[in-house]
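Biologist: Hello! I have just opened this one and would love a friendly tour. Could you walk me through it?

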Amino acid sequence: MSELYTRYPSLNPCKEDIENAIKTIIACYENGGKLLLCGNGGSAADSLHIAGELMKGFLKKRPMSEEKRAEMKKNAPEIPDEILDKLQEGLPAIALMDSAALFTAFLNDVDPDLVYAQGVNAMGREGDVLIAISTSGNAKNCHAAALTAKAIGMKVISLTGEGGGKLAGTADVAICVPEKETFKVQELHLPVYHELCARTEEYFYEK
């Protein structure tokens, strides 16, 4: 049983949306998809944090399966066991602000409000998931990315503050934590996305 709602009782009204977000992420990975993430300022840092938790072991060690080790050894017999022993299974997640060259070029040459939308358009595929983080829910670049993701056939999860803004109206799953001040919203975003990461990891990696 999750400790999230005991440790953060204010998140109880968000429980159904959090559970639906977990199901959406798991379904994406089961079908071979990936997550794309976007946000600004502290929410950009949160996007990077989420990608980091998913791409390597978070609460579990995630050793590679014997089948994958054998396949890698077959493809590259010279690879040392020491490398294979240390590599971990990962769940693909891309924080869009990490593409600094694309980000700055598109911002300068085309439209700063569409920098994330361009990343989604280039990397997103039907069945992928976009997690758009905005404390107000009204960040123009995140909303444009969400609209683009929907047009591609991706699912959209929004993580916002109270009310949800424009993102909540676009998202398939809208998690609107019950705070309005930016720093207070961010303080609740952290345990929410740790729950998303931990529960997804638990589903795919038993040990």
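**A short tour**

Modeller: Gladly, and we can start at Thr24, which is buried, with a relative accessible area of 18%; buried means under 20%, exposed over 50%, and partly exposed in between, using a 1.4 Å probe and protein chains only. This is a predicted model, where local features need pLDDT of at least 70, side-chain atom pairs count only at pLDDT 80 or more, and totals for chains, interfaces and linings use all residues. Residues are numbered from 1 along each chain as its sequence is written, and side-chain values use heavy atoms, with hydrogens and water left out.

Biologist: Leaving aside its neighbours within four places in sequence, which residues is Thr24 in contact with?

Modeller: Thr24 sits in helix H2, residues 15-30; helices here are DSSP runs of H or I with at least four residues, strands are E runs of at least two, and both are numbered from the N terminus. Contact means heavy atoms within 4.5 Å. With the neighbours within four places in sequence set aside, the partners of Thr24 are Val129, Lys155, Ile157 and Val173.

Biologist: Why is there no bond between the sulfurs of Cys38 and Cys142?

Modeller: A disulfide is a pair of cysteine sulfur atoms within 2.5 Å, and a search of the whole structure finds 0 of them. Cys142 holds the cysteine sulfur closest to that of Cys38, but the two are too far apart for a bond, at 3.8 Å.

Biologist: Is Cys38 buried or exposed?

Modeller: The relative accessible area of Cys38 is 0%. Because of that value, Cys38 counts as buried.

Biologist: How many residues apart are Arg199 and Glu19?

Modeller: Their side chains meet in a salt bridge, 2.6 Å from N to O; the term means a side-chain nitrogen of Lys or Arg within 4 Å of a carboxyl oxygen of Asp or Glu. The pair links distant parts of the chain, with Arg199 in helix H10 and Glu19 in helix H2, and the separation is 180 residues.

Biologist: What separates Lys86 and Glu82 in helix H5?

Modeller: These two side chains also form a salt bridge, 3.4 Å from N to O. Lys86 is exposed at 60% relative accessible area, and Glu82 counts as exposed at 53%. Because they are 4 residues apart in helix H5, what separates them is about one helical turn.

Biologist: Which residues do salt bridges that share partners join into one network?

Modeller: One link is between Asp85 and Arg69, whose closest N and O atoms are 2.9 Å apart. Asp85 is exposed at 54%, while Arg69 counts as buried at 17%. The network joins Arg69, Lys73, Asp81 and Asp85.
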